[in-house]
Amino acid sequence: MPVAVVVLGAGSGSRVGAEVNKVLLPLRGVPVLVWSLREALALDDVRRVVLVVRPQDREAVAEAVAPHLGEREVLVVDGGATRHASEWAAIRVLADDVRAGEVDVVVVHDGARPLAGAALWSDVVAAAREVGGAIPVVPVTHLLHADLSPVTEQVGGVQTPQAFRAADVLAAYADADRDGFEGTDTAACVATYRAVDVAAVPGSATNLKVTFPEDVALADELAGLTAPWW
């Protein structure tokens, strides 16, 4: 059954020191955002890819992204003031497909993570279909900030893409909207409102999030280690 993907690109470039949205910064000659969109579009049986942007970025995103997608279609929607609001805006667009049973899994990914890799995308979708949900997790090797005690193996860092069965995603976000609840990410919202088993899929240190100026340079170096798969 088809998959629907939500790519979040409604952030800004404030912490990265850019004058434009950070997902429009160049990475090996291609906007950061395009790397995620191409991987999403390459998923088996992908039915819909929804890109969430700030209203003021619509024109700039369209101009930056369109030349790199060929004939493939991406639906652009306006995001909200928070990550959760942006996710809900995209999920509402997918609601009819979910209710009709035309989408079985929804994947949500941060467009500022350009190097997730095709294998991770496929792994989270497969795991979500099997158990209900899946999130990429990497070991946390630094000290906890609160008391500077060593991190144990039971503590992990959560990444995206995150995948969940579509009906659970829609129901959870509808309930959250009713209650005024906002989760920090997709997993937080779904876990709050649905009893869903969530698989921890091995993430990767290369699946970094472009947040600070040094992240741009690091992502560029990492991207150059392997020729672009597309």
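**Entry 1: glutamine 159**

I started at glutamine 159 and listed its contacts beyond four places in sequence: Arg113, Pro136, Val138, Gly203, Ser204 and Asn207. The model I am reading is a predicted one. I then looked up where glutamine 159 sits, and found it in the loop between strand 8 (156-158) and strand 9 (162-165). Is glutamine 159 buried or exposed? Its relative accessible area is 6%, so I noted it as buried. One of its listed contacts deserved a second look. The side chains of glutamine 159 and asparagine 207 are joined by a polar contact of 3.0 Å.

**Entry 2: the whole protein**

Next I stepped back. I counted seven helices and ten strands in the protein. The protein has 230 residues, and 48% of them count as buried. I checked how far apart in sequence the contacting residues lie. Among contacts with a separation of 6 or more, 75% are between residues 24 or more positions apart. For the surface, I noted an exposed area of about 11100 Å². Carbon and sulfur atoms supply 53% of that area.

**Entry 3: the nonpolar cores**

I went inside. In soluble globular proteins, nonpolar side chains tend to be buried together. Here the largest nonpolar core has 42 residues. Which residues have the most contacts inside it? I wrote down Val5, Leu33, Leu37, Leu51 and Val107. Several elements each supply at least two residues of this core, including strand 1 (3-9), strand 4 (46-53), strand 6 (105-110) and helix 7 (213-223). Helix 1 (32-41), helix 2 (58-65) and helix 4 (118-131) are also among them. Helix 1 gives the most, with seven residues.

I also found a second core, separate from this one, with 28 residues. Val52, Ala95, Leu170 and Val196 are among its members.

**Entry 4: helix 1**

Helix 1 called for its own page. How many of its ten residues are buried? I found that ten of the ten are. The buried residues include Val32, Trp35 and Leu37, but also the charged pair Arg38 and Glu39.

I followed leucine 37 outward. Beyond four places in sequence, Leu37 touches Val7, Val49, Leu51, Val65, Leu69 and Val74.

**Entry 5: leucine 69 and arginine 38**

Leucine 69 came up in that list, so I looked it up next. Leucine 69 lies in the loop between helix 2 and strand 5 (75-78). It is buried, because its relative accessible area is 6%, under the 20% cut-off. Outside its close sequence neighbours, leucine 69 is in contact with Leu37, Arg38, Leu41 and Val74.

I took the pair with arginine 38 further. Leucine 69 and arginine 38 are 31 residues apart in sequence, yet their C-alpha atoms are 7.3 Å apart. Arginine 38 itself belongs to helix 1. It is buried but has no salt bridge. The nearest side chain of opposite charge is that of glutamate 39, 9.9 Å away. What does the side chain of arginine 38 reach? I found the backbone oxygen of histidine 68, at 3.2 Å.

**Entry 6: salt bridges**

I searched the whole structure for salt bridges and got 14. Arginine 47 and aspartate 97 form one of them, at 3.4 Å from N to O. Arginine 47 is in strand 4 and aspartate 97 in helix 3 (residues 83-99), so this bridge ties together parts 50 residues apart in sequence. I compared the cover of the two partners. Arginine 47 is partly exposed at 41% relative accessible area, whereas aspartate 97 counts as buried at 9%.

Arginine 47 also meets glutamate 102 in a salt bridge, at 2.8 Å from N to O. Glutamate 102 sits in the loop between helix 3 and strand 6, so this pair ties strand 4 to a part 55 residues away in sequence. Glutamate 102 is partly exposed, at 33% relative accessibility.

My last pair was arginine 178 and aspartate 179, whose side chains form a salt bridge of 2.8 Å, N to O. Arginine 178 counts as exposed, at 58% relative accessibility. Aspartate 179 is partly exposed, at 44%.

To close, I checked for shared partners. Arg47, Arg48, Asp97 and Glu102 are joined into one network by salt bridges.

Notes
Residues numbered from 1 in each chain as written. Predicted model: local features only at pLDDT ≥ 70, side-chain atom pairs only at ≥ 80, totals over all residues. Heavy atoms only, no water. Core = buried A, V, L, I, M, F, W, Y, C linked by side-chain atoms within 4.5 Å. Buried < 20%, exposed > 50% of the residue type's maximum accessible area, 1.4 Å probe, protein only. Helix = DSSP H or I, 4+ residues; strand = E, 2+ residues; numbered from the N terminus. Contact = heavy atoms within 4.5 Å. Salt bridge = Lys/Arg side-chain N within 4 Å of Asp/Glu carboxyl O. Polar contact = N/O pair within 3.5 Å; in protein donor to acceptor, adjacent residues only side chain to side chain. Areas by Shrake-Rupley, 256 points an atom, 1.4 Å probe, with all protein chains shown as cover.
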